[in-house]
Amino acid sequence: MCSDNKRHFIGGYMKKFKETIWKDGEYNYEAAYGFVPNIHGYIHDEDDVNRDCILVVPGGGYCLCAPHEGEMIAEVFYNKGLNAFVLTYTTDITMSVPLKKQPLEDISRGVRFIRKHGAEYNIEEKRLIVCGFSAGAHVVGSLAVHFADINDKSEEYAKISNRPDGAILSYPVITSGEYTHKYSMQTLLGSEPSEEELTYFSLEKQVSENTPPCFIWQTATDNAVPVENSYLMAEALRAKGIMFSHHVFPTGFHGISYPSDKFFSANAGGEYVMEQVERAVAAVKSGKGVNVSDQRRKELEEQFPDKKPDDQENTSSDENLPPMDMTWSQDIGLWPDLAYAWMNRI
């Protein structure tokens, strides 16, 4: 393991670690800049009881993995008794090298990796739920509908199931059609995707009788991904007879994650998911970016300026967070409880 430590947490002692999920020679995304997809684990270490587990997949428009949609969510479900993991999958902040199926390959390997280590992680023969946010929910949804398409080339993993036992889709990108989030699709498929690619990654068109149960939630006022994405997926699941739970909250902004005090403090933690972005931006600034346009280079230089330590701004302020009705604690804040109740029914 790359790291292994323990710390006291609600309910006992938490074992934390990081593992890369691809071995040398298996991963060759052109714009990785030395990054290799990985998982961070949050494991109950006070007993040998096998537990259900959750794999959390942050969003970020396929350009990055958002920290507030990773570790914080893992800890929420850890405190409900699950063992939890966060997947840092392939993204492209430069929007220069289409990702295609690489994120789907990453989550597929991630699920197989976790199951392979089931005895070690105390999850053997227990349920594995995947939980994604925004574009991360598109990664999760892609696995839910396309798991049978992804054959692992490694004999070590080929016979391990990559089908999740359930999928949580949080304010998800679903469609490549009228209500798509165009920047996610552009980063995923490039500026000139084929009709075949667009259809393949329009998840509402790919639901089958083998799709696992899904829990979907979003806000009606989502200001980035139209709420119609959730309705399209729910209707597709209903048409195929797949068990699902669908919740649309009346107000709230995109990216709300889990609206706790920790979220609103802007100190959610889990910044490790930004590793590939940091590597890519450094490469672009040094003139080593892969196929990066001059315009995108300038945008990244402005978005990620070089700063001396004394110039760092206080990031704990919530001044830049969108205003919202603070009754969130009475509805949106309940989504993990609703999801947990759903888990116990599948």
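**Figure 1. Glu275 and Arg279 lie 4 residues apart in helix H8 (residues 275-285), so about one helical turn separates them.** The model shown here and in the other views is predicted. An α-helix has 3.6 residues a turn, so residues three or four places apart point the same way. Arg279 and Glu275 form a salt bridge, in which the closest N and O atoms are 3.0 Å apart. Arg279 has a relative accessibility of 35% and counts as partly exposed. Glu275 has a relative accessible area of 17% and is therefore buried, the limit being under 20%. Lys18 belongs to the network as well: salt bridges with shared partners join Lys18, Glu275 and Arg279.

**Figure 2. Buried residues of helix H8 and the glycine that follows the helix.** Glu275, Gln276 and Val277 are buried in H8, as are Ala280, Val281, Ala283 and Val284. Gly287 follows H8 and has a positive phi, near 80 degrees.

**Figure 3. Helix H1 (residues 71-78) crosses helix H10 (residues 335-343) at roughly 55 degrees.** The axes of the two helices come within 11 Å. Angles from 65 to 115 degrees would count as roughly perpendicular and angles under 35 as roughly parallel; the crossing falls in neither range, so H1 is oblique to H10. The crossing of H1 and H10 is right-handed. On the H1 side, the contact is made by Ile73, Val76 and Phe77. On the H10 side, Trp335, Pro336, Ala339 and Met343 take part. By class, the contact has 7 nonpolar residues, no polar residues and no charged residues.

**Figure 4. Helix H1 is mostly covered.** Of its 8 residues, 8 are buried. Ile73, Val76 and Phe77, which also contact H10, are among these buried residues. The others in the list are Glu71, Met72, Ala74, Glu75 and Tyr78.

**Figure 5. A salt bridge between Arg115 and Asp165.** The structure holds 17 salt bridges, and in this one the N to O distance is 3.2 Å. Arg115 lies in helix H2 (residues 102-116), while Asp165 is in the loop between helix H3 (135-146) and strand S7 (166-170), so the bridge ties together parts that are 50 residues apart in sequence. Arg115 is partly exposed at 24% relative accessibility. Asp165 is partly exposed at 25% relative accessibility.

**Figure 6. A salt bridge between Glu209 and Lys240 links distant parts of the chain.** The side chains meet at 3.8 Å, N to O. What places the pair within the 4 Å limit is this N to O value of 3.8 Å. Glu209 is in the loop between helix H5 (195-200) and strand S8 (214-219). Lys240 is in the loop between helix H6 (228-239) and strand S9 (244-249), and the two residues are 31 residues apart. Glu209 is exposed, with a relative accessible area of 56%, whereas Lys240 is partly exposed at 38% relative accessibility.

**Figure 7. Surroundings of Ser202 in the loop between H5 and S8.** Ser202 is buried, at 1% relative accessibility. Leaving aside residues up to four places away in sequence, Ser202 touches Ile174, Thr175, Ser176 and Gly177. Glu209, shown in Figure 6, lies in the loop between H5 and S8 too, but Glu209 is exposed.

**Figure 8. Tyr62 and Met95, two residues other than glycine with a positive phi.** Most residues other than glycine have a negative phi. Phi of Tyr62 is near 65 degrees. Tyr62 sits in the loop between strand S4 (53-57) and H1, and with a relative accessible area of 2% Tyr62 is buried. Phi of Met95 is near 55 degrees. Met95 sits in the loop between strand S5 (83-88) and H2, and with a relative accessible area of 28% Met95 is partly exposed.

How values were computed
Residues are numbered from 1 along each chain as its sequence is written. This is a predicted model: local features need pLDDT of at least 70, side-chain atom pairs count only at pLDDT 80 or more; totals for chains, interfaces and linings use all residues. Side-chain values use heavy atoms; hydrogens and water are left out. Axes are lines fitted to C-alpha atoms, for helices over the stretch in contact, and angles run from 0 to 180 degrees between N-to-C directions. Angles under 35 degrees count as roughly parallel, over 145 as roughly antiparallel, 65 to 115 as roughly perpendicular and the rest as oblique. A crossing is left-handed if the near helix is turned anticlockwise from the far one by less than a right angle, and right-handed if clockwise. Contact means heavy atoms within 4.5 Å. Ala, Val, Leu, Ile, Met, Phe, Trp, Tyr, Cys and Pro count as nonpolar, Asp, Glu, Lys and Arg as charged, and the others, Gly among them, as polar. Buried means under 20% relative accessible area, exposed over 50%, partly exposed in between (1.4 Å probe, protein chains only).
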